[in-house]
Amino acid sequence: MPKQHYTASEAASALGISLDTLRRWDKAGRIKVERDSGNRRVVPRSEIERVRGDGAGAHISARNRFHGIVTEVKVDGLMAQVELVVSDPVRLVAVVTRDAVEELGLKAGMATTAIVKSTNVILQS
């Protein structure tokens with residue numbers, strides 16, 4: 001059975017962030033943290049799952065996720081261009097393989113998540 005609470009260090013690792021970032025998020029109210037009997041931060045499993053998203057990308061260490069709606073898919077040969085509206089007026093465009101578009105079943109109007117790591121954009125449906 002999975003743990004119900006994680007230490008601050010374990011939670012930061014699970015979220016792909018530094019311990020300092022976790023502390024800042026706690027102070028800013030971006031993540032709900034509890035305190036144990038020694039007044040140390042502990043993070044409920046449910047809160048880690050909430051911050052990470054739906055859990056499908058649980059093993060991805062990317063910090064930047066953009067939930068949005070696909071507005072256009074252009075397929076040309078082996079490559080595909082996927083455009084999604086992240087939050088008006090922001091627009092994100094990803095160039096991915098045609099196979100990825102077909103595997104994810106990406107279509108205009110569907111909700112998806114763009115995970116940004118370095119210079120790569122990974123789409124998750």
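# A guided tour of the predicted model

Begin by selecting Thr 113, which is buried at a relative accessible area of 9%. The model is a predicted one. Thr 113 is a residue of strand E7, which spans residues 111-117. Display next what surrounds this threonine: beyond its neighbours within four places in sequence, Thr 113 is in contact with Arg 65, Phe 66 and His 67, and also with Ile 122, Leu 123 and Gln 124.

**The whole chain**

Now zoom out and colour by secondary structure. The chain holds four helices and eight strands. Followed along the sequence, these elements give the pattern β-α-α-β-β-α-β-β-β-α-β-β. The chain has 125 residues, of which 31% count as buried. Contacts between residues at least 6 apart in sequence include 41% that join residues at least 24 apart. If a surface is drawn, the accessible area of the chain comes to about 8000 Å², and carbon and sulfur atoms account for 51% of this.

**The largest nonpolar core**

Which residues make up the largest nonpolar core? Select Val 70, Ala 80, Val 82, Leu 84, Val 86, Leu 92, Ala 94, Val 96, Val 101, Leu 106, Ala 114 and Leu 123, which are its twelve residues. Two elements each give two or more residues to this core, namely strand E5 (79-87) and strand E6 (90-97). The largest contribution is that of E5, with four residues.

Within this set, centre the view on Val 86. Setting aside residues up to four places away in sequence, Val 86 touches Phe 66, His 67, Gly 68 and Leu 92. Move from there to Leu 92, which lies in strand E6. Is Leu 92 buried or exposed? Its relative accessibility is 13%, so Leu 92 counts as buried, the limit being under 20%. Draw a distance from its C-alpha atom to that of Phe 66: the two atoms are separated by 8.9 Å, although the residues are 26 apart along the chain.

**The second core and the three-stranded sheet**

There is also a second, separate core, which has ten residues. Among them are Leu 15, Ile 31, Val 43 and Ile 48.

Val 43 leads to strand E3, as it is one of the residues that point outward from that strand on one side or the other. Select E1, E3 and E2 together: in that order, these three strands form an open sheet with antiparallel pairing. At the edges are strand E1 (5-7) and strand E2 (34-35), each of which pairs on one side only.

Turn first to the pairing of E1 with E3, where three bridges join the antiparallel strands. Here Tyr 6 stands opposite Val 43 of E3. Then consider E2, which two bridges join to strand E3 (residues 41-44), again antiparallel. On this side Glu 34 faces Val 42 of E3.

Follow the backbone through the hairpin of E2 and E3, in which five residues lie between the strands. One residue to inspect in this hairpin is Asn 39, whose phi is positive, near 65 degrees.

Show the side chains of E3. In a regular strand, side chains alternate between the two faces of the sheet. In E3, Arg 41 and Val 43 point one way, Val 42 and Pro 44 point the other way, and all are buried.

**The helices around the sheet**

Add helix H1 (residues 8-15), which lies across E1 and E3 and runs at about 95 degrees to E1.

Next select helix H2 (residues 19-28), where Thr 21, Leu 22, Trp 25 and Asp 26 are buried. Why do these residues lie on the same side of H2? Around the helix axis they cover an arc of only 140 degrees, which places them on that one side. The buried residues of H2 pack against H1, E2, E3 and H3. Rotate to the other side of H2 to find Arg 24, Lys 27 and Ala 28, which are exposed. Just after H2 comes Gly 29, with a positive phi of about 80 degrees.

Finish at helix H3 (residues 45-52), in which Glu 47, Ile 48 and Arg 52 are buried. Look down the axis of H3: its buried residues fall within an arc of 130 degrees, and therefore they line one face of the helix. Ile 48 returns the tour to the second core, of which it is a member.

How values were computed: Residues numbered from 1 in each chain as written. Predicted model: local features only at pLDDT ≥ 70, side-chain atom pairs only at ≥ 80, totals over all residues. Heavy atoms only, no water. Pairing = 2+ DSSP bridges. Contact = heavy atoms within 4.5 Å. Axes fitted to C-alpha atoms, helices over the stretch in contact; angles between N-to-C directions. Core = buried A, V, L, I, M, F, W, Y, C linked by side-chain atoms within 4.5 Å. Buried < 20%, exposed > 50% of the residue type's maximum accessible area, 1.4 Å probe, protein only. Arc of directions from axis to C-beta. Areas by Shrake-Rupley, 256 points an atom, 1.4 Å probe, with all protein chains shown as cover.
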